[in-house]
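Open the model in your viewer and keep the selection box ready. We will go from stop to stop, picking residues and looking around each one.

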Amino acid sequence: MNRIPRPLSAALGLALAAGLAALPGTATAAPAAGAAQHYTASPSAHPGAGKADNQAFYEAVMKSALAKRAATPYLKAVVVTYDASNAPSFASQIARSAQIWNGSVTNVRLQAGSNADFAYYEGDDPSNGSYASTDGHGSGYIFLDYSQNQQYDSTRVTAHETGHVLGLPDHYSGPCSELMSGGGPGTSCTNPYPNSAERNRVNSLWRNGLAAVTG
């Protein structure tokens, strides 16, 4: 079982959207957000709206990444930059998640850096757990909940939420071999890797995005 350190008391500085709201269970500031894609099925999750908002989040991340790609048009993969500075307790899980996705797909690459396309945050939110949240206009972030990441495999949780940024929706009824089944298979599921269908879907989504810019 992964043990996650207690929340840091220092305020988190980065905001990805103009509107600010306090993250649940913390004294930190984060982007305002609406519907969310949760790691486990939640009463507060609305699958219909969540799917649309997840699509908006993915499209905004792609748009941001492709805009910056003009400086390096020779790259075969679209580079998506993330900021993990506001989730220091999960630094290794975030890095491992990026490594997993980078080893699984070829048309998009995740890397840490400044001028990020999205960010990770951490804190306590027992009602919602971990989630990828968006304001419905594309701006969003990934929130990693301390308690849930002790209960479930933390790398799987992080890789799952990162999958939303790459365009994949939740599918709780799927098997453990399906990353986007999230917490559906239970706490014993520790698989952090996307299956072949998920890999192909992400490659297809980002290949189409790349073609729209280079075609």
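Select S181 to begin. This is a predicted model. S181 sits in the loop between α4 (154-165) and α5 (196-214). Is S181 buried or exposed? Its relative accessibility is 0%, so S181 counts as buried; the cut-off for that word is under 20%.

Now show what surrounds S181. Setting aside residues up to four places away in sequence, S181 touches R156, H160, H171, Y172, G174, P175 and C176. Pick R156 from that list. The side chains of S181 and R156 make a polar contact of 2.8 Å.

R156 leads to the next stop. Select α4, residues 154-165. How many of the twelve residues of α4 are buried? Twelve of the twelve are, so the helix is largely enclosed by the rest of the structure. Colour them if you like: R156, T158, H160 and T162 are among them.

Check the length of α4 too. Its end C-alpha atoms are 17 Å apart. At 1.5 Å a residue, its twelve residues should span 16 Å, so the two values agree.

Next, look at the two ends of α4. At the N-terminal end, select D153, which caps the helix. One of its side-chain oxygens lies 3.4 Å from the backbone nitrogen of T155. Then go past the other end to G167, which follows α4. The phi of G167 is positive, near 110°.

Now select Y120. You will find Y120 in strand β6. Its relative accessible area is 1%, so Y120 is buried. Which residues is Y120 in contact with, beyond its neighbours within four places in sequence? They are Y82, D83, A84, N86, A87, I94, I142, L144, T158 and T162.

Two of those names take you back to α4: T158 and T162 are among its buried residues. A polar contact of 2.8 Å joins the side chains of Y120 and T162. For T158, look at the C-alpha atoms: those of Y120 and T158 are separated by 9.4 Å. Along the chain, Y120 and T158 are 38 residues apart.

Another contact of Y120 is I94. Use I94 to reach helix α2, where I94 is one of the buried residues. Others to pick out include Q93, S97, A98, I100 and W101. Select the whole of α2, residues 91-104. This helix has 14 residues and reaches 20 Å from its first C-alpha to its last, close to the 20 Å expected.

Move on to strand β7, residues 131-134. Turn the strand to see both faces. Y131 and S133 are on one side, A132 and T134 on the other, and all are buried. Then add strand β8, residues 140-145. How many bridges join β7 to β8? Four do, and the two strands run antiparallel. To see one pairing, pick S133: its bridge partner in β8 is Y141.

Last stop: a pair of charged side chains. Side chains of opposite charge can pair when their charged atoms come close. The structure holds one salt bridge. Select D117 and K68, which form it, with the closest N and O atoms 3.1 Å apart. The pair links distant parts of the chain, 49 residues apart. D117 is in the loop between β5 (108-112) and β6 (118-123), while K68 is in helix α1 (residues 47-69). D117 counts as buried because its relative accessibility is 10%. K68 is at 27%, so K68 counts as partly exposed.

Technical notes: Residues numbered from 1 in each chain as written. Predicted model: local features only at pLDDT ≥ 70, side-chain atom pairs only at ≥ 80, totals over all residues. Heavy atoms only, no water. Expected span 1.5 Å × (residues − 1). Buried < 20%, exposed > 50% of the residue type's maximum accessible area, 1.4 Å probe, protein only. Polar contact = N/O pair within 3.5 Å; in protein donor to acceptor, adjacent residues only side chain to side chain. Contact = heavy atoms within 4.5 Å. Pairing = 2+ DSSP bridges. Salt bridge = Lys/Arg side-chain N within 4 Å of Asp/Glu carboxyl O.
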